Amino acid sequence: MNEFEQNLREALARRRPPARFADRVVERMRFVRRSRLGWAGNWVAAVAVVAILAGGIWIDTNQIRRVRGERAKDEVLLAFRITGVTLRNVREQVQQIRSQPD
Amino acid sequence: MVYSIAYYFFQDMTTAEEIAQEVFLQLYPSRPMPQTRAHLKRWLRRTATHRSIDILRRRGRRLEVQMDVLPEIPVGHHEHDPLLNQRLGRMVGSLSENQRAVIILRYGEDLDVREIGDILEMPAPTVWSHLRRGLAMLRDKFSACVTEEEHERVRTESS
């Protein structure tokens, strides 16, 4: 690889997502998927996403089974900083604006 | 990885986060979870890249390289210069969608031509073609940028 390509590699180095990105992903997952998955399925999915995002794209299905078996739902809750209330308020406001006549 | 691919496609944090969220939302629960790290990596890269290309086509425009937005690059100090690399990263956003994808996957994700072809569903010769053309365009833009700044420096010093 020549110098220009090396510069290109440095220019395209991995970028970390913004702060609390994982929180927003999980919150969106809960909002969209809750009705389809049910409560238990949501937490399995949420734990898996955290494992992916925290570990950098690796998922351990054994770990998920252990978490489920060990009733780690409360531990997952503590680990998340979910802005669910704020998100709901924004959505309500947007819906109110959309429902107003022109 | 997912965010990174989307970011270099659009050079925009908001768009990159939207795409990254959509990719993770697609992962669960409607499909079987990838059982190995390699499968998951491949799936994430593939989905992020295709999603980015889809959105780029829908927007129907290329990212304009706004050279005056970036800070001045000190002339004569190019090796491993972060400002230079920042500008080079933005230049990638001026490439066509396929060239952009190939360049990002090759130099950002360190994939070989076969792996890139697998993700983009392209034969290897096509990947090579996009890679060569993309590199040639970037070199031309980069050279023009550095040359212009050198001329400016000479003018400034001589005045």
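The following exchange goes through some charged and aromatic contacts of this predicted model.

Reader: Why is the contact between Glu121(B) and Arg46(B) called a salt bridge?

Author: A salt bridge asks for a side-chain nitrogen of Lys or Arg within 4 Å of a carboxyl oxygen of Asp or Glu, and here the N to O distance is 1.8 Å, so the pair meets the definition. Glu121(B) sits in the loop between helix H6 and helix H7 of chain B, while Arg46(B) belongs to helix H3 of chain B, and the two are 75 residues apart.

Reader: What makes Glu121(B) count as exposed or buried?

Author: Its relative accessibility is 55%, and exposed means over 50%, so Glu121(B) is called exposed. Arg46(B), by contrast, has a relative accessible area of 23%, which lies between the limits of 20% and 50%, and therefore Arg46(B) is described as partly exposed.

Reader: How do you know that Arg57(B) and Glu97(B) form a salt bridge, and which parts of the chain does the pair tie together?

Author: The N to O distance given for these side chains is 2.4 Å, which is within 4 Å, so the name applies. Because Arg57(B) lies in helix H3 and Glu97(B) in helix H5 of chain B, the pair ties together parts that are 40 residues apart in sequence.

Reader: Why are Arg57(B) and Glu97(B) each called partly exposed?

Author: Arg57(B) has a relative accessible area of 49% and Glu97(B) has 21%; neither value is under 20% or over 50%, so both residues fall in the range in between.

Reader: What makes Arg106(B) and Asp110(B) a salt bridge?

Author: Their closest N and O atoms are 3.8 Å apart, and since the cut-off is 4 Å, the pair is counted, so the term is justified. Salt bridges that share partners also join Arg9(A), Arg106(B) and Asp110(B) into one network.

Reader: How do you know that Arg106(B) lies over the face of Tyr107(B)?

Author: The distance from the ring centre is 5.3 Å, which is within the 6 Å that the definition allows, and the definition also asks for a position within 35 degrees of the ring normal, so a contact described in this way has to satisfy both conditions. Arg15(A) is likewise placed over the face of Tyr7(B), at 3.9 Å from the ring centre.

Reader: Which residues form the aromatic cluster that includes Tyr7(B)?

Author: The cluster consists of Phe21(A), Tyr3(B), Tyr7(B), Tyr8(B) and Phe24(B).

Notes: Residues are numbered from 1 along each chain as its sequence is written. Chains are lettered from A and ligands numbered from 1 in the order in which they are written. This is a predicted model: local features need pLDDT of at least 70, side-chain atom pairs count only at pLDDT 80 or more; totals for chains, interfaces and linings use all residues. Side-chain values use heavy atoms; hydrogens and water are left out. Rings of Phe, Tyr and Trp (its six-membered ring) pair if their centres lie within 6.5 Å; planes under 30 degrees apart count as stacked, over 60 as edge-to-face and the rest as tilted. Helices (H or I, at least four residues) and strands (E, at least two) are DSSP runs, numbered from the N terminus. Buried means under 20% relative accessible area, exposed over 50%, partly exposed in between (1.4 Å probe, protein chains only).
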